[in-house]
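Work through the following exercises with the sequence and the coordinates open side by side. Each task is followed by a solution that proceeds in steps.

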Amino acid sequence: MTNQHTKTGFSTRAIHGNNHVRQPEGALNPPLYMSSTFTFEKTEDGAAMFAGERPGHFYSRVSNPTLLALEERFASLEGAEAALSFASGMGAITSVLWTFLSAGDEIIADKTLYGCTFAFLHHGLSRFGIKIIDVDLTDINALEAAISQKTRLVYFESPANPNMRLVDIAAVSAIARKHGAKTIVDNTYCTPYLQQPLKLGADIVVHSATKYLGGHGDLIAGMAAGNNDDMLRVRTEGLKDMTGAVMTPLTAHQIMRGLKTLDLRMDRHSASAQTIAERLEAHPLVREVYYPGLKSFAQYDLAKRQMRGPGGMIAFELNTDLSGASCMMNALELIKRAVSLGDADTLIQHPASMTHATYTPEERARHGISDTLLRLSVGLESVEDIWTDLEMALRLLSHQRQPSKAA
Ligand code: 3LM
């Protein structure tokens, strides 16, 4: 793709893409090419496309014009040369990792990861002669000590799901690069509007597009972005031949619709989450709040440095035990008890028994995922209504049990 229009603002590119081509029939939006295959005018044309000697679409597991429209748009938002779309976030992560790892290689992964990513590394890749090394990537010395000639990839989320730990993207990427390893960042929590890891030195970003990029809780999808060579390798190896985790054109259309309001939604998610986090922090029944917009957040300075805004995700612990926490969750009326995040609807879940149940209790303890942690994805409803619901559930809890600061 060409980057000739990258001088236009984020919102303009999210709406129009980079490439101001008139669509067929003058349609405002790119058409849906609901076609698995594409015909060849002549036999020789097909041979030339398969040999990579001629551009064009021939089969939608490899490329499709509707997906290409999304990929070009998304690449420009991440500041990347190229992007790729996938059937799910896990489809993106597995396709990228399968492409760059072989038996005998090592991958360094941060100690806090989304549950299924953790399972893919520890229960999946580890069965194929790939060594997974868990490192606390907030500790640069630990990374220096663990990285070796065998390290192909350094992988992390920032903020991490579910406990909001941040990783210094520029510092980690610089060390990885010095040792010839690629840095891969899961940018799901931020989206390119709040954080652009490639500009900070990372090589590849991956996303669950199911979350903020789609934004309405009605699709499952993934994205990746990086340089042309890396994305071509992922397209032709990991995606085409190893996972086949291809996005459907209808989903690409829904994500392009989501992208048009991404900046507006992220600003609103951030502003509402900031209000909710401050009020939770001041509430006597709340023991701890982990939110990058709070001055009390341990990595507040890093958040200011690498994120445009604090985002819509809050992790917190109540001043009660697990049954108290579940009582509070059960009392909520507006806020829905559900996994996933980044939707217009506010969602709450309990990571230890839901998204991070792929870890054993010992692993959760080792990896910094507390069993009493709750995770709130602050949606786009009126913020006072979100708070009223939380306050009501906390009030019910305080009537049921006496809070104890030592709990
Ligand atoms: C969740 N997360 O509730 P999909 N990377 C990150 C993620 O949070 C996720 C993925 C990748 C949740 C899903 S849990 C059963 C529901 C940081 C997903 C994977 O394949 O699109 O779900 O993305 O935390």
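## Exercise 1: Overall build

Task: describe the secondary structure, the dimensions and the burial of the protein chain.

Solution. The secondary structure of the protein chain comprises 15 helices and 12 strands, and the reader should keep in mind that this is a predicted model. Taken along the principal axes, the C-alpha atoms fill a box of roughly 80 × 50 × 35 Å. For the next step, compare the radius of gyration with the value for a compact globule: with 407 residues that value would be near 22 Å, and because the protein chain has 22 Å, the two agree. Buried residues account for 55% of the 407 residues, while the accessible surface comes to about 17,100 Å², with 52% of it belonging to carbon and sulfur atoms. Finally, among contacts with a separation of 6 or more, 73% are between residues 24 or more positions apart.

## Exercise 2: The nonpolar cores

Task: find which residues of the largest nonpolar core touch the most other members, and state which helix gives the most to this core.

Solution. The largest nonpolar core has 58 residues, and those touching the most other members are Ile108, Leu137, Val154 and Ile255. Helix α3, residues 65-78, gives the most to this core, with 6 residues. The core draws at least three residues from each of domain 1 (3-259) and domain 2 (262-401). Apart from this core lies another one, of 29 residues, which includes Ala92, Leu97, Phe100 and Phe120.

To look more closely at one member, take Ile108 and leave aside its neighbours within four places in sequence: its contacts are then Ile133, Val135, Leu137, Leu143, Ala146, Ile147, Thr151, Leu153, Val154 and Tyr155. Two of the residues named at the outset, Leu137 and Val154, thus appear in the contact list of Ile108.

## Exercise 3: Cis peptide bonds

Task: locate the cis peptide bonds that lead into Pro159 and Pro162, and place both prolines in the secondary structure.

Solution. Begin with the bond joining Ser158 and Pro159, which is cis with omega about -5°. The peptide bond from Asn161 to Pro162 is cis as well, with omega near 15°. Pro159 is found in the loop between β4 (151-157) and α7 (169-178), and Pro162 has its place in the loop between β4 and α7 too.

## Exercise 4: Positive phi outside glycine

Task: for Glu25 and Ser340, each with a positive phi although not a glycine, decide whether the residue is buried, partly exposed or exposed.

Solution. Glu25 has a phi of about 65° and lies in the loop between α1 (10-16) and α2 (43-50). Its relative accessible area is 82%, and because the cut-off for exposed is over 50%, Glu25 is exposed. Ser340 has a phi of about 80° and is found in the loop between β10 (336-337) and β11 (347-349). With 22% relative accessibility, Ser340 falls between the cut-offs of 20% and 50% and therefore counts as partly exposed.

## Exercise 5: A glutamine in a loop

Task: establish where Gln196 is found, whether it counts as buried or exposed, and what its side chain reaches.

Solution. Gln196 is found in the loop between α8 (191-194) and β6 (204-208). Its relative accessibility is 18%, which is under 20%, so Gln196 counts as buried. The side chain of Gln196 reaches the backbone oxygen of Leu77 at 2.8 Å. Once its neighbours within four places in sequence are left aside, Gln196 is in contact with Phe10, Leu77 and Glu78.

Key:
Residues numbered from 1 in each chain as written. Predicted model: local features only at pLDDT ≥ 70, side-chain atom pairs only at ≥ 80, totals over all residues. Heavy atoms only, no water. Core = buried A, V, L, I, M, F, W, Y, C linked by side-chain atoms within 4.5 Å. Buried < 20%, exposed > 50% of the residue type's maximum accessible area, 1.4 Å probe, protein only. Helix = DSSP H or I, 4+ residues; strand = E, 2+ residues; numbered from the N terminus. Domains from an automatic or database assignment. Contact = heavy atoms within 4.5 Å. Rg over C-alpha atoms; globule rule 2.2 N^0.38 Å. Areas by Shrake-Rupley, 256 points an atom, 1.4 Å probe, with all protein chains shown as cover. Polar contact = N/O pair within 3.5 Å; in protein donor to acceptor, adjacent residues only side chain to side chain.
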